[in-house]
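This report goes through one protein structure part by part. Please keep the sequence and the model in view while reading.

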Amino acid sequence: MIVTNVMAISLDGRIASRPGETDRERLESGFTSKDDFEHLQGLVRTTDAIIVGSSSLQASGQAFPLVNDRGRFPIWVVMSRKGLPAGQAFYDQAELPRWVVSEKPLALPAHRGQVRGIAYGDRPAAETIVTALADAGCERVLLFGGASVNREFYSAGLVDRLIVTICPLILAQSGALPLVEPTLDKPIMFRLASSQVLGNLVILSYDLIKR
């Protein structure tokens, strides 16, 4: 299994100006663009599963209902301590295989189709998810974050690649969110695999150097 962390960051290394910032707000501020959105959709079409935090999913409004290159919808895995609020469009996306992962079992709101609840209990959350995805036959996994979710996977040594879109703005705000929430036990080192200019954006792909 290959786990690829996919993020868009500002020039000062932030993924959002504040918690809860919506995709529409990010687009209006120049943080993301149509080019980046199309790039992201292209990646979704080449994956078997997508891992995202509940705050990030709520900011997007819903999961991308895109079929991958194997003719299936990727599994959408949402990490949440309290679960997604009732009324989220995610619960109505019955065509998608959906998992909600939390420390303790959650009472999920009414939903369409199958939504699998996974409780990791005393086990590491990231390792529990990767094991469950491997059991489901997933080989290609995208990690969408945000910051605390990214930390879980980097801390566990479960990230293989990083694809980062550099957005041409500086936030310089105290409440802006980092790529990875502190604290990691040691620095994470990468090797540049490729670079691409896409309109006004730069997309950098890195392989993680595992020691």
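The sections below cover the cores, two helices, a set of strands, two buried residues and a pocket.

## Nonpolar cores

The model is predicted. Its largest nonpolar core holds 34 residues. Ile51, Val77, Ile129, Leu133 and Phe153 have the most contacts inside this core. Helix α4, residues 125-135, supplies the largest share of the core, with 6 residues. A second core, separate from the largest one, has 22 residues, among them Val6, Trp76, Tyr91 and Val115.

In soluble globular proteins, nonpolar side chains tend to be buried together.

## Helix α4

Which residues of α4 are buried? They are Ala125, Ala126, Thr128, Ile129, Val130, Ala132 and Leu133. The elements that cover these buried residues include the strands β3 (49-53), β4 (75-79), β5 (98-102), β6 (115-119) and β7 (140-145), and also helix α5.

Ile129 shows the contacts of one buried residue of α4. Leaving aside neighbours within four places in sequence, Ile129 is in contact with Ile51, Val77, Met79, Val101 and Phe153. Just after the helix, Gly137 has a positive phi of about 85 degrees.

## Helix α5

Helix α5 spans residues 147-155. The buried residues of α5 are Ala147, Val149, Asn150, Arg151, Phe153 and Tyr154. Phe153 is also among the residues with the most contacts inside the largest core. Just after α5, Gly157 takes a positive phi of about 70 degrees.

## Strands β8, β10 and β11

Strand β11, residues 201-208, pairs with two strands described here. With β8, residues 161-166, the pairing is antiparallel and runs over 6 bridges. In this region Leu162 stands opposite Tyr206 of β11.

With β10, residues 190-198, strand β11 again pairs in the antiparallel sense, over 8 bridges. Phe190 has Leu208 in β11 as its bridge partner. The hairpin of β10 and β11 has 2 residues between the strands, and Gly199 in this hairpin takes a positive phi near 60 degrees.

## Two buried residues

His39 lies in helix α2, residues 34-44. Why does His39 count as buried? His39 is buried because its relative accessible area is 16%, and buried means under 20%. Apart from neighbours within four places in sequence, His39 is in contact with Ile163, Thr165, Leu198 and Ile203. Ile163 and Thr165 fall within the residue range of β8, Leu198 within that of β10, and Ile203 within that of β11.

Arg98 is in strand β5. Arg98 is also buried, with a relative accessible area of 1%. Not counting residues up to four places away in sequence, Arg98 touches Trp76, Phe90, Tyr91, Asp92, Gln93, Arg112, Gly113, Gln114, Val115 and Arg116. Of these, Trp76, Tyr91 and Val115 belong to the second core. The C-alpha atoms of Arg98 and Leu11 are separated by 33 Å, and the two residues are 87 residues apart along the chain.

## The second largest pocket

How much space lies in the second largest pocket? The space is about 300 Å³. The pocket has 16 lining residues, and Tyr154, Gly157, Lys186, Pro187 and Ile188 lie nearest its centre. By type, the lining divides into 10 nonpolar, 2 polar and 4 charged residues.

Helix α5 gives the most to this lining, with 3 residues. Tyr154 is one of the buried residues of α5, and Gly157 is the residue with a positive phi just after that helix.

How values were computed
Residues numbered from 1 in each chain as written. Predicted model: local features only at pLDDT ≥ 70, side-chain atom pairs only at ≥ 80, totals over all residues. Heavy atoms only, no water. 1 Å grid on protein atoms, 1.4 Å probe; cavity = no way out; pocket = protein on both sides within 12 Å on 5 of 7 lines; lining within 4 Å. Points joined across faces, edges and corners; volume = space filled by probe spheres on them. Helix = DSSP H or I, 4+ residues; strand = E, 2+ residues; numbered from the N terminus. Nonpolar A, V, L, I, M, F, W, Y, C, P; charged D, E, K, R; others polar. Core = buried A, V, L, I, M, F, W, Y, C linked by side-chain atoms within 4.5 Å. Buried < 20%, exposed > 50% of the residue type's maximum accessible area, 1.4 Å probe, protein only. Contact = heavy atoms within 4.5 Å. Pairing = 2+ DSSP bridges.
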